[in-house]
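Me: I'm new to reading protein models, and I'd like to go through one with you. Could we take the features one at a time?

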Amino acid sequence: MSTVTNASAGATSKHIKILLINPNATDSMTDACLNMVQPTLPQDVSVTGFTAPKPAPLAIETHFDAIMSAAASMRAIKQIADGYDAFLVACFSDHPLTPMLREELTQPTIGIMEASLFAARTLGGRIGLVATGARSKIAGEDSIRSYGMEAFSAGVEHCGLGVLDLERRPHDELMKIMTSTARRLVERGADCLVLGCAGMSGLKDAVEQSVGEKTQVVDGVLAGVHHLIGVVRIGGFTSKAGVYRSSAAARHERGQDYF
């Protein structure tokens, strides 16, 4: 695992350590997320990248992928969790790892989709989601509804891409597809666009240029890291009084200490 900080910014008394979790098994995606966020970090914040060990899938595009990646990630994260103040799940979906971490740990946890939607709701009146493929479009529409953001949505458009296409397709081709998709959402009334995959992090600037300076573009990794920094600074933790109460005691009573 690698850790990034920004030594040029001012320091505060508490050093905040965030674990950026890529729940798939593709290291290059983790590195791209770290490279994106590093220049924005205060000196008193460090972000460490975690890539899920196999049998986690190389990309997360289905329910099966999500469940397999959550299980593989959780087993590994449990061993290192005490060293971090917060967790970011860098998969643009309602990923099952997020509630798992909230149940098992007290540190604040958020996924990049949820963080993106919160930021977009702050910055604009109508949200447009740039999804990867047709299946992601449907999942994005469902998630917007479940997060209570449907009334503020201008819709979801997909790029006809798979997750790994974001690394494998020529850069110019990706730019053409992404910017065309973004402009369709603006035509539908979106004034704040959300990039619907962690693998899109490096494309934020190009999308911004294509839609004009009046339209905001939100990257989920940046939104998630800085959301967590704020929550940690105000002393936030995951409440154990309700739905996120841990099941660890119940597992112990069942003799399920093998996890």
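Me: Let's start with Leu166: does this residue count as buried or exposed?

Reply: One thing before that: this is a predicted model. Now the general idea: a residue is called buried when its relative accessible area is under 20%. Leu166 has a relative accessibility of 10%, so this residue counts as buried. You'll find Leu166 in helix 6, which covers residues 165-168.

Me: Which residues does Leu166 touch, once its neighbours within four places in sequence are left aside?

Reply: To read a contact, look for heavy atoms within 4.5 Å of each other. Here Leu166 is in contact with Thr132, Leu161, Leu174, Cys197, Gly199, Met200 and Leu203. Ala198 is a handy distance check: 32 residues separate it from Leu166 in sequence, and the two C-alpha atoms are 9.7 Å apart in space.

Me: Ala198 makes me curious about Met29. How far apart are Met29 and Ala198 in sequence and in space?

Reply: Here you read two numbers side by side, one along the chain and one through space. Met29 and Ala198 are 169 residues apart in sequence, while their C-alpha atoms are 7.4 Å apart in space. Met29 belongs to helix 1, and with 6% relative accessibility it counts as buried. Beyond its neighbours within four places in sequence, Met29 contacts Asn22, Asn24, Val163, Leu164 and Glu167.

Me: And where does Thr26 lie?

Reply: Thr26 is in the loop that runs between strand 2 (16-22) and helix 1 (27-37). A loop residue can be checked for burial in just the way we checked the others. Thr26 has 11% relative accessibility, so it counts as buried. With neighbours within four places in sequence set aside, its contacts are Thr51, Leu58, Leu164 and Glu167.

Me: What about a residue in a strand, say Gly49: which residues does it touch?

Reply: Skipping residues up to four places away in sequence, Gly49 touches Met1, Ser2, Leu20, Thr30 and Leu34. Gly49 sits in strand 3 and counts as buried, at 4% relative accessibility. Try the two-number reading again with Ala206: it is 157 residues from Gly49 in sequence and 25 Å away in space, C-alpha to C-alpha.

Me: How far apart are the C-alpha atoms of Ile144 and Gly83?

Reply: They are separated by 32 Å, with the two positions 61 residues apart along the chain. Ile144 is part of helix 5 (residues 134-146), and its 4% relative accessibility makes it count as buried. If residues up to four places away in sequence are not counted, Ile144 touches Met113, Leu117, Leu129, Met149, Glu150, Ser153 and Val156.

Me: Now for two helices together. At what angle do helix 4 and helix 9 pack?

Reply: For a helix pair, read the angle first and then the gap between the axes. Helix 4 (residues 112-123) and helix 9 (residues 220-233) pack at about 85 degrees, and their axes are 8 Å apart. Angles of 65 to 115 degrees count as roughly perpendicular, and helix 4 and helix 9 are therefore described that way. Helix 4 brings Ile112, Ala115, Ser116, Phe118 and Ala119 to the contact, and helix 9 brings Gly220, Val221, Ala223, Gly224 and His227. Sorted by type, the residues of this contact are 6 nonpolar, 4 polar and no charged.

Me: What sits over the ring of Phe152?

Reply: That's the charged end of Arg121, 3.5 Å from the ring's centre.

Me: One last feature: which peptide bond is cis, with omega near 20 degrees?

Reply: Omega is the number to read for a peptide bond. The bond from Lys54 to Pro55 is cis, with omega near 20 degrees. Pro55 lies in the loop between strand 3 (45-51) and helix 2 (63-77).

Technical notes. Residues are numbered from 1 along each chain as its sequence is written. This is a predicted model: local features need pLDDT of at least 70, side-chain atom pairs count only at pLDDT 80 or more; totals for chains, interfaces and linings use all residues. Side-chain values use heavy atoms; hydrogens and water are left out. Axes are lines fitted to C-alpha atoms, for helices over the stretch in contact, and angles run from 0 to 180 degrees between N-to-C directions. Helices (H or I, at least four residues) and strands (E, at least two) are DSSP runs, numbered from the N terminus. Angles under 35 degrees count as roughly parallel, over 145 as roughly antiparallel, 65 to 115 as roughly perpendicular and the rest as oblique. Ala, Val, Leu, Ile, Met, Phe, Trp, Tyr, Cys and Pro count as nonpolar, Asp, Glu, Lys and Arg as charged, and the others, Gly among them, as polar. Buried means under 20% relative accessible area, exposed over 50%, partly exposed in between (1.4 Å probe, protein chains only). A charge sits over a ring if NZ of Lys or CZ of Arg is within 6 Å of the ring centre and within 35 degrees of the ring normal.
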